[in-house]
Amino acid sequence: MKREDIKVLIMRAPGTNCDLEAVRSFEDFGAKVDLIHTQKVFKDKNLDDYDMIVFPGGFSYGDYVRSGAIWAKECEYRIGPELETFVDSGKPIVGICNGFQQLVEMGYLPGWEGHSLYPEAALGNSTHGYQNRWIRMKYEGKGNCGMLSGLEEGHVIQCPVAHGEGRFILPPEQREELLNKLYDQDMVMFRYVKEDGSYADYDWPENPNGAYHDIAGISNPEGTVLGLMPHPERAYYGYLMPEWTKKGAPEIYGDGFPFFKSIVEYIERKF
Amino acid sequence: MSRVTESSLPFSHHLVDLMNATDEELIEIKETLGLGLSLDELHYIRDHYVLSERKATDFELQTFDQTMSEHCGHKTFAGIIDTPEGRINGLLKTYFKSLIDELKPDWCFSVFEDNAGLVDFTDDVTIAIKVETHNHPSAIEPFGGAATGLGGVIRDILGVWANPIANTDVLCFGPLDYPFEKLPPGVKHPSYLFKGVVDGIGSYGNSIGIPTVNGATVFDESYTGNVLVYAGCIGVLPKDQYKRGIKAGDYCVLAGGRTGFDGIHGVTFASLELSEESEDTSRSAVQVANPIEEEKVKRAIKQISDQKLGSGITDIGGGGLSCGVCETADTYGLGVDAYLDRVQLKAEDIAPWEIWISESQERMLMAVPPENLEKVKAIFDAEQVEVTVLGTYNESRHAKIYYQDELVGDLVLESLFNPPKLHRTTNWKPEVMLDPEVPEPEDVGGVLKKLLASYQICSKEKVIRRYDQEVKGQTVVKPLQGWNAGPSDASVIKPLHDNWKGISVASGINPKYGKIDPYWMAASVIDEAIRNSVCVGGRRWALLDNFAWGNPEYEDRLGSLVYACRACYDVAKIYKTPFVSGKDSLYNESPLGPVAPTLLITSLGILPDIRKAITMELKEAGNALYLVGVTKPEIGGSEYLHLRGELGGSVPKLDAETNLKAYHRLLDAMDAGLVRACHDCSEGGLGVAVAEMAFTGGLGVDLDLSKVPVSENMRDDILLFSESNGRLLVEIPVGKITEFETAMEGSAVSCVGVIKSEEKLTVTKDGKPVFEETLEELMGAWKTPLEAKR
């Protein structure tokens, strides 16, 4: 399909706050973006009008239980079947920060055996509490996640994290086994790295939250559902990069651009 | 028999007989109802009711109590003050509002009119800005106090129909290592307050999705008993959405959080000194925060503003409904009927008068023309926000308040908002203080490291990282610069997606100068706020003043306040920088005494093109380092003397004319692309500034002290750590040196150093070495103190 025909649904709940950056990034490619309050989506149940869904960052309903838990349960209850149909249709879903927590709480990520009833992973308390800082994450995918196939293997993205609960963890007793499963099915998408490109290996602040195996983002086995803690949408333009003044004038685009470019081009190709 | 008697109404409601009440009886009434009114004010109210020949209701007296409180009425700044230099007919009028008339800035869209000041940004868009204090609540309950302080100032921006895009916070605490045994009863330890306040601001600002882009953390003994929490907010508003025109017949609409017992008598509390009992007596005066509620309200107000559905708006803050409802009616020469049993409650068995003055958070009051009411309701419903039509505005000039269809209060708005003017006298003069004799240190480099590691100067990364600085994707220059997270002088925001124009936000504050001379303190912090803005390329400054002072009923506190206000007028007039908004918080006293006279100046600047913004870190080896401005032996109140255990007297003076010329020349040089980096010299002087530029950029410097422009010869330590105003360090590419020197012609400027790739700060004088330190050592000293304190 043509770019201008792509319809992106960005859902927001009370407490969502990174929605406008996400809207801006997709619109920059000429895609049509609808930013809609979750309650309206629950009424209209019109997910199949869209080619892609984005769950943006924020503090949905204050994250007063586990981050993303309240909104996740509400979505399950109000549009569970519609979401499942959307995922089964192979259309892409992306969750950033709170959206990632949301997808894990809903059981779509990791989603080894498809949509799980209970969360199979968790995004726990970060080792240093809430932190807003810039990190580097390396693209680890081998092509399974079509959305990111536009990124070269090992591509490094600089962008901020801003969360208090983003430490990716798996059930301790099966940790290694499950990690292998992630790798076997090419589900590890991003890992935190140091300036020289080597893995953070739990060093803070390169690994900003103590995430298991330095994991910053994963996809489902089908590669159609993607979640990550860092914020590429906040590094979309050159003037948002932390040291752009070193060059004098900012470049037009920042490190977040290739991330969105890859997603949009994937939808163009695929649908 | 008591003059306060139960009325016949079926709920808590009292009649108060003020007819010929004696002073003793007035005092008794005041105590029965828990009012904060003075005797003069009680006389005024008594006479009012004698004329109207009826009894007052508890309800009405509570309303007078709210509107006449120092917090709402700003009695000191409105009152008459006699000084040896003559009579001042209102500090606000004489020294702040008058500047608007004299400078006639055509870019001030609306100032001293609403909850926030509005200045032009583009032809059709304005920037709204406001800074508030929330000190006493934070001293009692740091998390809730700070969070609701931020919530309140965000509502001030919503209260002019603007969309909030950035927050600021300036926090003043006692020393974190203050000995516990020295704390008087009722005073909480600085480290406890520090953690609570920082978490409170973080939790509110992050949850509501507004970046905290500028701030400061100040430590001084005088804040131990009474912390200061300044919270600011900046918003964007298209000019055609600025709606002020409530008409009779418009609905009075309340939206947002529910009303409860929290925050009752908050303003009365804010207008008293803190005491050992505050915890018990005033805990209920601290409001409870719910950022997500305000996030929803914010989204709804934006839509109502975009669709221009309202005719007036204000936030419900100090004084609760009593102030909001009566002020909106009075501002437009109207009256209002309000029905309190329509208010959504979060607590049962709450008395009508408590509903009326409760300061429960996240509430906005709007005037809505009848034809728009359904649309407005629909918008709030869609955002899951509760909304109530309280009543209707009318021509009566009375506020008639009903509960269960019974009239519980009938207020004549003229009398409510024309209280008697306070009349005070002060003959206070600052005493002359002298610098002590401090022996010259052997190891100047060691002193520099100690300064970098002082609480005042050290990295505040621990605090700043707790706040989201870049949500909304508009923060172009961030508070922490680059991967080394150096201290930016000002933040730059790009408010509009389709426009390269930007705004700079910076601040100036210095309690130590205030202890020596409030006049030069005020002058210095104004210069610092503007200087910081110049560093990133900001210009056309608008200023905000926030005074945090002790009890103005004491002659010395009042006197120093007058001196500071005079400085504001004198300096702002030369800089042509009008004050567009401000707030005073007085009565900042505890068993440990008053806070140091503290004036926070916030500067809002404009950048024609954010792609030309300048940051503070050194960029390239081989470039030249220039110092703009003259260094004088001014170490009074400096961090250096503080380190040596002294206060001193030679507080930095200010030559505003000279500085302004230099600033404009420097800005021209920046626009011409001659400047690569710029950083101002403030706390810690030249020494600290050059170190910060070096380790943030990861580049060394050869600094030659003999090249520094000075007023007279002075010792190396004084030269390096003097805090003279008007000084900036700038990095100039070798190829641009001549162009730069021509651009700066007429201003004191000199090449004081060369940037090198070797990561060392090497300081010499006339070829002789003074000291050399590695950047790693310097940055380590700067980052360690608060890093260590988790």
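**Figure 1. Glu589(B) is a buried residue in a salt bridge with Arg557(B) in the predicted model.** Glu589(B) has a relative accessible area of 3% and is therefore classed as buried. The model shown here and in the following views is predicted. The side chain of Glu589(B) meets that of Arg557(B) in a salt bridge, with an N to O distance of 2.6 Å. Because Arg557(B) belongs to helix α21 (residues 555-575) of chain B and Glu589(B) to strand β27 (residues 589-590) of chain B, the pair ties together parts that are 32 residues apart in sequence. Arg557(B) is likewise buried, its relative accessible area being 15%.

**Figure 2. Asp120(B) and Lys239(B) form a salt bridge between a strand and a loop of chain B.** The two side chains meet at 3.4 Å, taken from N to O. Asp120(B) is located in strand β7 (residues 117-120) of chain B, whereas Lys239(B) is located in the loop between β11 (228-238) and β12 (251-256) of chain B, so this pair ties together parts that are 119 residues apart in sequence. The acidic partner, Asp120(B), is buried at a relative accessible area of 15%. Lys239(B), with a relative accessible area of 22%, is partly exposed, because the buried class ends under 20%.

**Figure 3. Arg87(B) and Asp82(B) form a salt bridge within chain B.** The closest N and O atoms of the pair are 2.8 Å apart. Arg87(B) counts as exposed, at 52% relative accessibility, since the exposed class covers values over 50%. Asp82(B), by contrast, is buried, with a relative accessible area of 17%. Over all chains, the count of salt bridges comes to 64.

**Figure 4. Gly145(B) occupies a buried position in helix α8 of chain B.** The helix that holds Gly145(B) covers residues 142-158. At 0% relative accessibility, Gly145(B) counts as buried. Leaving aside residues up to four places away in sequence, Gly145(B) touches His134(B), Pro137(B), Ser138(B) and Val286(B). Val562(B) is 417 residues from Gly145(B) along the chain, and the C-alpha atoms of the two residues are separated by 29 Å.

**Figure 5. Tyr266(A) is a buried residue of helix α6 in chain A.** Helix α6 of chain A comprises residues 257-270. Tyr266(A) has a relative accessible area of 8% and is therefore buried. Apart from residues up to four places away in sequence, Tyr266(A) is in contact with Gly90(A), Pro92(A), Gly146(A), Met147(A) and Phe271(A). Gly150(A) is 116 residues from Tyr266(A) in sequence, yet the C-alpha atoms of these residues are 7.7 Å apart in space. Elsewhere in chain A, a network of salt bridges links Arg3(A), Lys261(A), Glu265(A) and Glu268(A).

**Figure 6. Chain A contains six helices and eleven strands.** The C-alpha trace of chain A spans about 50 × 50 × 35 Å along its principal axes. Chain A has a radius of gyration of 17 Å, which agrees with the value near 18 Å for a compact globule of 271 residues. Of the 271 residues in chain A, 64% are buried. Among contacts in chain A with a separation of 6 or more, 75% are between residues 24 or more positions apart.

**Figure 7. Chain A and chain B meet at an interface with a buried area of about 3500 Å².** Carbon and sulfur atoms give 48% of this buried area. In chain A, Tyr130(A), Asn132(A) and Tyr239(A) lose the most area to chain B, and together they account for 18% of what that side buries. The contact involves 40 residues of chain A and 44 residues of chain B.

**Figure 8. Salt bridges and polar contacts join chain A to chain B.** Four salt bridges are counted between the two chains. In one salt bridge, Asp468(B) pairs with Arg234(A), with the closest N and O atoms 2.9 Å apart. There are 20 residue pairs in polar contact between chain A and chain B. On the side of chain A that touches chain B, α1 (19-27), β6 (131-139) and β7 (156-163) each supply at least two residues. Strand β6(A) gives the most to this side, with six residues. By class, the same side of chain A has 18 nonpolar, 13 polar and nine charged residues.

How values were computed. Residues are numbered from 1 along each chain as its sequence is written. Chains are lettered from A and ligands numbered from 1 in the order in which they are written. This is a predicted model: local features need pLDDT of at least 70, side-chain atom pairs count only at pLDDT 80 or more; totals for chains, interfaces and linings use all residues. Side-chain values use heavy atoms; hydrogens and water are left out. Contact means heavy atoms within 4.5 Å. Buried area is the accessible area (1.4 Å probe) that two parts lose on being put together, summed over both. A polar contact is a pair of N or O atoms within 3.5 Å; within protein, one must be able to donate a hydrogen and the other to accept it, and residues adjacent in sequence count only if both atoms are side-chain atoms. Helices (H or I, at least four residues) and strands (E, at least two) are DSSP runs, numbered from the N terminus. Ala, Val, Leu, Ile, Met, Phe, Trp, Tyr, Cys and Pro count as nonpolar, Asp, Glu, Lys and Arg as charged, and the others, Gly among them, as polar. The radius of gyration is taken over C-alpha atoms; the globule rule is 2.2 Å times the number of residues to the power 0.38. Buried means under 20% relative accessible area, exposed over 50%, partly exposed in between (1.4 Å probe, protein chains only).
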